[in-house]
Structures are given as C-alpha cells and as structure tokens.
Amino acid sequence: QKHPANSSMNLDVVNPRRSCGNGGRKVFMIFTSIIPVDAEPFFQLFKQNGQRLENMEHLLSQPTCNRDCAVLKEAIILIAPSQPNLDVILWNDWMITLAARRRSDGLESRRSFEFKYLNHPLHNICIFCDLKLD
C-alpha cells in the first residue's frame, strides 16, 4: 500500500452539496482511502461547457482549514463559507465545484462535485438558515 503522501486523493462522496450564499452548512467529503494530513477542501469555478476558470477563482471564498474544517483519516468535514460574489457567479451561469488538494504540492483530487450556492432570500424564510436543515 502506498503512503498517503504519495497517493492520489480519490474523492468519493460530497454531502450535502448545496448551501445558501451566507454559508454555514456542514459538508462531508468522503475519500476511498487515507488522505494526507495536509489535505484541504477548495472550490473551483467552471463554465457550463466544463472549462475551468482558474483566473476567476479569486471570486470564491475558500474554507479556512484551521477554523472551518477538520481533516480526518478518510474524510474532511467543513463549514461552507459565505460567498459574497455569488451574484457575479450566478449571473455568468458559472458552476462551482468542491474538490480537495494537498497544501504541500498542490496535487488536486481527480474528482470534484458540483456544489450549488443559492441566494439567501431577502424577505422570505431561508431553508438553510431558518429551518436548520443540519
């Protein structure tokens, strides 16, 4: 068996995969094998045609691992951060995905999962914030 630091990170499950733009939702990332201790979750941005928009990913708020996530043996638990630029992302019809990477060398998980952020309603009940889904 390979040492986790030398193996790829095979992301198998992300659940739940949606939050309101204010964030705060607990998200579980499950892997098929042991992950390195320096693994971290991160959001990516894509056009609908599948083209990654790395040059626009600065618009995304990323989870802060020393505060908003825990790296376990085969899982990462994170709190979805708020997305102050969500209107720009939705207006452009871009897609957000959630993946993992090693901080030591930037190696990214082979797989990512679409993660939908919905606008927090201004005058109505938010199903995420007000109804405490988690």
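Me: Leaving out residues up to four places away in sequence, which residues does E74 touch?
Reply: Happy to start there, keeping in mind that this is a predicted model. E74 sits in the loop between β5 (69-71) and β6, and its C-alpha atom is 7.0 Å from that of T32, although the two are 42 residues apart along the chain. Not counting residues up to four places away, E74 touches M29, I30, F31, S33 and I34.

Me: Is E74 buried or exposed, or does it fall in between?
Reply: Buried needs a relative accessible area under 20%, and exposed needs one over 50%. E74 has 38% relative accessibility, so it counts as partly exposed.

Me: What distance separates the C-alpha atoms of S82 and G23?
Reply: S82 lies in the loop between β6 and α2. Leaving aside neighbours within four places in sequence, S82 is in contact with G21, N22, G23 and S61. S82 and G23 are 59 residues apart along the chain, yet their C-alpha atoms are separated by 4.1 Å.

Me: Which residues are linked with E40 in a network of salt bridges?
Reply: Let's place E40 before naming its partners: it lies in strand β4, and at 16% relative accessibility it counts as buried because the cut-off is under 20%. Beyond four places in sequence, E40 touches C65, I76, A99, A100, R101 and R103. The salt-bridge network links E40 with R101 and R103.

Me: How many residues apart are E108 and R52, whose side chains meet in a salt bridge?
Reply: The N to O distance in the salt bridge between E108 and R52 is 3.0 Å. The pair links distant parts of the chain, with E108 in the loop between β7 and β8 (113-114) and R52 in the loop between β4 (39-46) and α1 (65-68). Along the chain, E108 and R52 are 56 residues apart.

Me: Is E57, which meets R52 in a salt bridge, buried or exposed?
Reply: The side chains of E57 and R52 meet at 2.8 Å, N to O. R52 has a relative accessible area of 21%, so it is partly exposed. E57 has 12% relative accessibility, and the limit for buried is under 20%, so E57 counts as buried.

Me: In the salt bridge between R67 and D68, which residue is exposed and which is buried?
Reply: These two side chains meet at 2.8 Å, N to O. D68 has a relative accessible area of 16%, so it is buried. An exposed residue needs over 50%, and at 63% the exposed one is R67.

Me: How many salt bridges are there by this rule?
Reply: The pairs include E57 with R52, E108 with R52 and R67 with D68. The count comes to eight.

Me: Which residues have the most contacts inside the largest nonpolar core?
Reply: That core has 26 residues. β1 (11-15), β3 (26-31), β4, β6 (75-79), α2 and β7 each supply at least two residues of it. Those with the most contacts inside the core are M29, F31, I76, I96, L98 and F115.

Me: Which residues does I96 touch, not counting residues up to four places away in sequence?
Reply: I96 is one of the residues with the most contacts inside the largest nonpolar core. With residues up to four places away set aside, I96 touches F43, Q44, L45, L60, I89, F113, E114, F115 and Y117.

Me: Which residues lie nearest the centre of the largest pocket?
Reply: The largest pocket has a volume of about 150 Å³. α2 (86-91), β7 (95-102) and β9 (116-118) each supply at least two residues of its lining, which divides into nine nonpolar, one polar and three charged residues. Of the 13 lining residues, those nearest the centre are L90, W94, E114, K116 and Y117.

Me: What is the omega of the cis peptide bond that joins N15 and P16?
Reply: P16 has its place in the loop between β1 and β2 (18-20). The cis bond joining N15 and P16 has an omega of about -10°.

Me: What is the positive phi of D93, which is not a glycine?
Reply: D93 is found in the loop between α2 and β7. Its relative accessible area is 48%, so D93 is partly exposed. The positive phi of D93 is about 60°.

Technical notes: Residues are numbered from 1 along each chain as its sequence is written. This is a predicted model: local features need pLDDT of at least 70, side-chain atom pairs count only at pLDDT 80 or more; totals for chains, interfaces and linings use all residues. Side-chain values use heavy atoms; hydrogens and water are left out. On a 1 Å grid over the protein atoms alone, a cavity is a set of points where a 1.4 Å probe fits but cannot get out, and a pocket is an open set with protein on both sides within 12 Å along at least five of seven lines; lining residues have an atom within 4 Å of a point. Grid points are joined across faces, edges and corners, and a volume is the space filled by probe spheres set on the points. Helices (H or I, at least four residues) and strands (E, at least two) are DSSP runs, numbered from the N terminus. Ala, Val, Leu, Ile, Met, Phe, Trp, Tyr, Cys and Pro count as nonpolar, Asp, Glu, Lys and Arg as charged, and the others, Gly among them, as polar. A salt bridge is a side-chain nitrogen of Lys or Arg within 4 Å of a carboxyl oxygen of Asp or Glu. Buried means under 20% relative accessible area, exposed over 50%, partly exposed in between (1.4 Å probe, protein chains only). A nonpolar core is a set of buried Ala, Val, Leu, Ile, Met, Phe, Trp, Tyr and Cys residues joined through side-chain atoms within 4.5 Å. Contact means heavy atoms within 4.5 Å.
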